[in-house]
Each structure stands twice: as C-alpha cells, then as structure tokens.
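Reader: I am in my first year and would like a close look at how the charged side chains pair up, and at the contacts around those pairs. Please take me through it slowly, one step after another.

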Amino acid sequence: MSYMEKTDRLGKLWIWTAAVVILLVPVAICLYYQAWPEGTAVLKGLLGVAPIYWTVGAIEVITYTPMLGVGGTYLAFVTGNLTSLKAPSALNAMENADVKPGTEEGEVISTMAIATSSIVTTLVIAAGVVALTAIAPILDSPVLKPAFDNILPALFGGLAVVYVGKNWKLAMAPLIFMVALFLAVPSLASSVGVLVPVGVLIALGAGRILYKKGWL
Amino acid sequence: MKFSPNSIFMYLIAIGVIVFVLAQSAFFLVRAYRRGRELGMSRQLLRRTIVSTAVFTLVPAVSILLGVVTLSKFLGIPLPWIRMSVIGALTYELPAATSTANALGISLSELIQDPKVFSAIAWVMTLGIMPSIILPPILMKKIRSGMVHLKAKDSKWGDIFMSALFLGMISAFLGMVFADVRSGIAGWIPIFVLLCSAVLMGVCALLIKKCGMKWLETYALAISMLGAMVFAVIITPVLA
C-alpha cells in the first residue's frame, strides 16, 4: 500500500473518531447534568446557522482538499480555522520548501505545517486559558483591538506578494472581479467563505484561456 | 448535579478533547516527517518547516484565544476552549450561540446558568459544523482521483489548476479588504494594513535575495503579519 493510500486510511480512522469525540461533548453534558434540550430549541437554533454553514462546509471541503493534501485535509478539518490559519500555513510552508501541492513532497510539507500549526494553536489556547484572568484584559483592550480586527489583511498582504507576484497573469482576473464585487456589494464581506470557490472558478477559467493561448 | 459552565467536569471534557487533538496532530507530524526523510528531504528543510510554521502561527493563535475570551463571558471557559481547539472559529461559534439564544428568547449578556440552554447551544455548535468533519472522508477518494487524473493528462495544466485554487482563495480575501472603502477614511485602514504587510514581505524578499539572508525565509510571513498589525494599532486612532 502506498504512503498516500495508507495516509488516507489512517486519516479516515482519525477523522471518524474525531466526529465521535466531538459529538460526545454535548452528549456528556446532557447525561451528566440531566439536561437534554428541547428538540425544537436545537432545531430553531440550527435553522439560523446550518443552511449557510453546511453549504460553506461542503464548499470548503471541495475547494481546500486538493490544496492541503490527504493528511493535511483530515487534520485541518478537525482542528478548524482553515482560511485564517491552516491553508495559509500550508501554502507558506510549501512555497518556502519549494515543493508543489499535489506531489508527495507537497503532501509531506503541507501535513507537517498543518500539524505544527494545530499543536502550537492548541498549546497557545491552553496556556491562555490557564492565565485567562491575567491576560483577558490585555487581549480585550481597545488599544489592541485594531490589531486583531486587521489580522486577515495583515496575513493576506504578505501572502499576496509571494503568490500574486509569482502568478500575476493568473491572478489578475479573480483579483479585479473580487475587488469590484466587494466595492459594489460591501455586505458580502460576511460571506467571504462562499466567495472563495467563485474566485477559484474565475481563476480556473482565466487560467484555461491563458494556457490555451500559450500565455502561461 | 449542580450545573456550572466552569465546573471541573467541563474542564475534564475539555482536557480529553485537547489531548485527542494533540495526539492526532503529533501522529500526522511524525508520520509526515518520517516520509519526508524517506523521500530524501533534508532534516534542515523539515525542521525549518516546523519552526517557520510555529512562529507564524503564534499571532493568529492569540487571536483565536481572543475568541475564547469573547465566548467565555456567557459560556464559561471550557466549552469555548473545546470549540476553538476543534473545528471551531469565532465567526461560526458566535452566530451559533446567538441563534440558539434567540430561539430560546434569552440574552447572552451574562454567564449561562441554565443547563438546558447551555446544552442546546452546545448541540447547535456541534451539529452546525458537522459536514466539515463528515464530508472529507466521504469525498476524499473522488477528489484525489480527479487530481491524479488531471496531473496525468496534462501536468502543466495540473500545476496551473493548483495555483488557481490558491489564487482564488487569496483574491477573495484581498477583495474583502476593499469592502468598507465607501465608509470614509476609516474604511481604508484594512487596505493600508494590507499594503504595509505587502511592503514588509517585499523588504524581506529583497533581504533574502540581495543580502543572502536565507534564514529570514523562516520568519518573513510572521514579520510581515505582525508588523502590519502593529501598524494597524498605530494608524487606527489617527484615522478612525
């Protein structure tokens, strides 16, 4: 059995176990405190979020799996914060290591990056929880608020220089479309996750045309 | 059993989940490291990948911790700790909690004391994000075979295809930065922050290429991100 096939099999084992572990959390709360909620309350709550988040979840799986590789995908979808942390981590690591996504070397580097990122995040949150009383006022302070409010532009500015700089012809069409779209409909900012595949489709369409014309 | 969102029982559940996440991450890290060595990748390269990612992750990790702080005001510490360590992100958890609270007609302005309300929120948070866990193992085979087929048919187009995926993601987030420009000068702050980050990354790239500072590759993204965040702290009081 090849490394990729074995990774797929082990990854499935881990992610199904993770699904059970995650489901056991509310089950344990209900059993221990004898506090099963009313079905209608859960259903009503779900109606407010499930349509959008189930759609985004499905879109993310299709969009990010080819980028992150087998091991990276199974890990990233369990540990979360995909767009703001795991995908940029994998992207940056593959770029620095000069390996391509989709190759076995890319698979290795992407998995290592996502695993490291998950471990560091988990440890930082754990350390933060221990010292929460002391650090909460600092993290919550109005002085630092602009820094955390702008974490995505701060992250994607640096990433863009590397990636857009390297593939500027391919980047032009999705970039122009997205800037125009957000200028025209600013309220879409809250649904940026849904727009990632739109950007992907435009980049793919433009890429196909440029490739066929021999411009790439 | 007297309920408290901050009970020892809740902390024990949180610790169990956190140990699971760490175990899964360590398992994949070690496995990938070994495979990298088998493929002839140098120890130096693999270690640099770990150090670079660890450094870059620190700041976003603190921002995720901020999510725990936000949610802990009404959910206590252990449940947000679990949710933000596994699959969660504040952008999802907060709407999930708010949606359930609205359905139950309660306020999230203080710590929840009713175990049924608490468990309802825990269920909505859990079920609302389950497709992200269930779909990867179901769709993996199809997506993988599609990628293999694509690469085998035309490897150059396969490479362009992968780049297009990343660029689609990056352009969506770059476009989002422009969403508030019509609200006045304060709406330009994210653009200035983005440009600052880009300039810092450009400077790092120059130093790496022209001055031979290869070691900087490990920290370039962390430096550009942190520098731009400091810049945001400085310019926001002036412009907002």
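**Salt bridges and the surfaces around them**

Author: In chain A, K145(A) and D149(A) both belong to helix α6 (residues 145–149), where they stand four residues apart, which is about one turn of the helix. These two side chains form a salt bridge, with their closest N and O atoms 2.9 Å apart. Please keep in mind throughout that this is a predicted model. Over all chains, the structure holds 11 salt bridges, and the pair in helix α6 of chain A, with 2.9 Å between N and O, is one of them.

Before we leave chain A, it helps to have its outline in view. Chain A contains nine helices and zero strands, and from the N terminus on its elements therefore read α-α-α-α-α-α-α-α-α, a strand being a DSSP run of E with at least two residues. Taken along the principal axes, its C-alpha atoms fill a box of roughly 65 × 50 × 40 Å. Of its 216 residues, 56% count as buried, and among the contacts between residues at least 6 apart in sequence, 58% join residues at least 24 apart.

Now let us cross from one chain to the other. Between chain B and chain A there are three salt bridges, and one of the pairs that meet in this way is K73(B) with D140(A), at 3.0 Å from N to O. Another is E104(A) with R35(B), whose N-to-O distance is 2.5 Å; this pair runs from helix α4 (residues 104–130) of chain A, which holds E104(A), to helix α1 (residues 8–38) of chain B, which holds R35(B). Is E104(A) buried or partly exposed? With a relative accessible area of 23%, E104(A) is partly exposed, because the buried class takes in only values under 20%.

These pairs sit within a wider contact, to which chain B gives 140 residues and chain A gives 140 residues. The two chains bury about 12900 Å² between them, and 80% of this area lies on carbon and sulfur atoms. On the side of chain B, the three residues W123(B), F166(B) and F173(B) supply 6% of the area buried against chain A, more than any other three residues. Alongside the salt bridges, the count between chain B and chain A comes to 18 residue pairs in polar contact, with both residues at pLDDT 80 or more. Helix α2 (residues 43–75) of chain B provides the largest share of the side that touches chain A, namely 23 residues. Sorted by class, that side of chain B has 98 nonpolar, 28 polar and 14 charged residues.

The next step takes us inside chain B, where the domain assignment gives domain 1 (8–129) and domain 2 (141–239). The C-alpha centres of these two domains of chain B lie 24 Å apart, and their contact takes seven residues from domain 1 and eight residues from domain 2. About 720 Å² is buried between the two domains of chain B, with carbon and sulfur atoms giving 78% of it. In domain 1 of chain B, the residues that lose the most area to domain 2 are R48(B), F56(B) and V59(B), which together make up 63% of what that side buries.

R48(B) brings us back to salt bridges. The count between domain 1 and domain 2 of chain B is one salt bridge, and R48(B) forms a salt bridge with E217(B), with the closest N and O atoms 3.6 Å apart. Across this interface there is also one residue pair in polar contact, both residues being at pLDDT 80 or more. The side of domain 1 of chain B that touches domain 2 has five nonpolar, one polar and one charged residues.

E217(B) deserves a second look, since K214(B) also forms a salt bridge with E217(B), their closest N and O atoms being 3.2 Å apart. Which of these two residues is buried, and which is partly exposed? K214(B) counts as partly exposed, at 49% relative accessibility, whereas E217(B), with a relative accessible area of 15%, is buried. Elsewhere, salt bridges that share partners join K100(A), K151(B) and D159(B) into one network, with a residue of chain A and residues of chain B in it.

Technical notes: Residues are numbered from 1 along each chain as its sequence is written. Chains are lettered from A and ligands numbered from 1 in the order in which they are written. This is a predicted model: local features need pLDDT of at least 70, side-chain atom pairs count only at pLDDT 80 or more; totals for chains, interfaces and linings use all residues. Side-chain values use heavy atoms; hydrogens and water are left out. Domain bounds come from an automatic or database domain assignment. Contact means heavy atoms within 4.5 Å. Buried area is the accessible area (1.4 Å probe) that two parts lose on being put together, summed over both. A salt bridge is a side-chain nitrogen of Lys or Arg within 4 Å of a carboxyl oxygen of Asp or Glu. A polar contact is a pair of N or O atoms within 3.5 Å; within protein, one must be able to donate a hydrogen and the other to accept it, and residues adjacent in sequence count only if both atoms are side-chain atoms. Ala, Val, Leu, Ile, Met, Phe, Trp, Tyr, Cys and Pro count as nonpolar, Asp, Glu, Lys and Arg as charged, and the others, Gly among them, as polar. Buried means under 20% relative accessible area, exposed over 50%, partly exposed in between (1.4 Å probe, protein chains only).
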